[in-house]
Amino acid sequence: MPTDEHADELTSDQPRPIPPRYWWLKRILLAAGVLILALAALRWWWGWEAERRLEAKIAEYHAAGQPVTIEDFQFPPIPDDENAALLLRKAAAAITIPKESPVSLTTFPRDPALVGEYPAEVARLVAANVEALRLVREARARPAADWGVRLTTPVLNFTLPDLGGQKDLARLCFLAVLHRHRSGNDHEAVETLRDLLGVSRRVDETAPFLIAHLSALAIAELAVKGSEEIISEMTIDDEPKGKQQRCQAAGRAQLRALLNELLDEAALRAGWRMALYGERLIEYDAATMFTSSRKALPWLV
């Protein structure tokens with residue numbers, strides 16, 4: 001049996017390294033490096049492939065005549081004498097509520113019967129806003145609206161300050177419809193309904209966003225509701241009335257024009273399509289921000 005001294009001699013030609021070499025650590029590090037390179041290559045390839053697919057899809061949409069990028073939504077300005085937005089914005093700013101009035105513009109769309117309970121107050125409110133109603137009538141004759149909205153990144157941060165004023169203007173028109181009908185002037189009541197539909201069409205042109213289109217639909221609904229409120233009691237006469245006559249009946253040709261406008265959904269359908277294109281732009285713009293070199297954190301805050 002060998003002694004301890006003899007055992008040391010047997011192992012002296014095989015020195016053990018201090019610390020010991022972990023052979024498996026080198027292999028793990030090598031495998032990790034290869035995996036990282038593979039993942040980086042995969043990420044680069046997938047980014048290239050995703051960009052290729054995106055560009056192909058954008059080209060497909062462009063070929064179909066659809067706007068996609070911010071540049072596609074930069075429309076040429078409209079001359080001032082053709083721009084209904086200038087008059088409608090001025091009309092909204094001209095709205096006046098008499099002091100200590102017991103009624104408000106938001107009251108009557110919810111309960112039109114209140115017009116009969118406050119005839120004097122309603123008459124005073126409509127009389128105080130003759131200029132605003134005149135501007136709405138003038139705006140109806142203009143072919144388009146440019147609200148000055150020019151889209152920039154980030155699109156999601158855009159606000160539409162004109163919507164609130166235009167909703168108030170639509171409520172004023174609705175109240176004027178009810179008041180003029182009760183006053184016996186159905187001719188003016190019908191014309192005001194057509195003014196209301198004109199406001200709806202121009203609000204739909206505020207911006208290519210769903211909120212603008214929904215606001216336009218709400219205003220058009222007021223026109224439909226106003227028609228339902230007065231149609232059963234409306235005075236209709238084929239004979240034109242003189243301008244000096246205070247109470248006028250609605251003419252059949254006038255009612256036919258109103259009916260055609262109520263049934264014409266072309267503008268609303270076009271607004272719906274543009275609103276969907278705008279919502280797609282919001283998603284595309286947000287995704288582009290996060291994948292570009294620009295920092296998205298300040299935008300989120």
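## A starting point in helix α10

Let's begin at Ala218, a residue of helix α10, which covers residues 210–230. Its relative accessibility is 39%, so Ala218 counts as partly exposed. Ala218 also gives a small taste of how the chain folds back on itself in space: Ala170 is 48 residues away from Ala218 in sequence, yet the two C-alpha atoms are 9.3 Å apart. As you look around, please keep in mind that this is a predicted model.

## The overall picture

What secondary structure does the protein have? The count is 13 helices and 0 strands. Following the sequence from one end to the other, you meet the pattern α-α-α-α-α-α-α-α-α-α-α-α-α.

The protein has 301 residues, and 37% of them count as buried. About 18900 Å² is exposed, with carbon and sulfur atoms supplying 58% of that area. Among contacts with a separation of 6 or more, 77% are between residues 24 or more positions apart.

## The nonpolar core

In soluble globular proteins, nonpolar side chains tend to be buried together. Here, the largest nonpolar core contains 58 residues, and Phe108, Leu169 and Leu175 have the most contacts inside it. Which helix gives this core its largest share? That is helix α8 (residues 162–182), with 10 residues.

Leu169 is a good residue to select on screen. Setting aside neighbours within four places in sequence, Leu169 is in contact with Leu88, Ala91, Ala92, Ile95, Ala132 and Val136.

## A buried acid with an arginine partner

Now move to Asp195, which belongs to helix α9, residues 186–203. Is Asp195 buried or exposed? Asp195 counts as buried because its relative accessibility is 3%, and the cut-off for buried is under 20%.

The side chain of Asp195 is joined to that of Arg140 by a polar contact of 2.8 Å. Not counting residues up to four places away in sequence, Asp195 touches Val136, Arg137 and Arg140. Val136 may look familiar, as it is also among the residues in contact with Leu169.

## Aromatic rings and a charge

How many aromatic pairs does a search of the whole structure find? There are 2. Trp45 and Trp46 form a tilted pair, with 6.0 Å from centre to centre and 40 degrees between the planes. Trp45 has a relative accessibility of 41% and so counts as partly exposed, and Trp46 is likewise partly exposed, at 42%.

Phe73 and Phe75 form an edge-to-face pair, with their centres 6.5 Å apart and 75 degrees between the planes. Phe73 is buried because its relative accessibility is 5%, whereas Phe75, at 47%, counts as partly exposed. Another ring to visit is that of Tyr61: the charged end of Arg280 sits over this ring, 4.1 Å from its centre.

## A cis bond in a loop

Most residues other than glycine have a negative phi, and most peptide bonds are trans. The bond joining Thr153 and Pro154 is a cis peptide bond, with omega about 0 degrees. Where is Pro154 found? Look in the loop between α7 (130–140) and α8. From there you can step on to helix α8, residues 162–182, and revisit its 10 residues in the largest nonpolar core.

Technical notes: Residues are numbered from 1 along each chain as its sequence is written. This is a predicted model: local features need pLDDT of at least 70, side-chain atom pairs count only at pLDDT 80 or more; totals for chains, interfaces and linings use all residues. Side-chain values use heavy atoms; hydrogens and water are left out. Helices (H or I, at least four residues) and strands (E, at least two) are DSSP runs, numbered from the N terminus. Buried means under 20% relative accessible area, exposed over 50%, partly exposed in between (1.4 Å probe, protein chains only). A polar contact is a pair of N or O atoms within 3.5 Å; within protein, one must be able to donate a hydrogen and the other to accept it, and residues adjacent in sequence count only if both atoms are side-chain atoms. Contact means heavy atoms within 4.5 Å. A nonpolar core is a set of buried Ala, Val, Leu, Ile, Met, Phe, Trp, Tyr and Cys residues joined through side-chain atoms within 4.5 Å. Accessible areas come from the Shrake-Rupley method with a 1.4 Å probe; for residues, only the protein chains shown count as cover. Rings of Phe, Tyr and Trp (its six-membered ring) pair if their centres lie within 6.5 Å; planes under 30 degrees apart count as stacked, over 60 as edge-to-face and the rest as tilted. A charge sits over a ring if NZ of Lys or CZ of Arg is within 6 Å of the ring centre and within 35 degrees of the ring normal.
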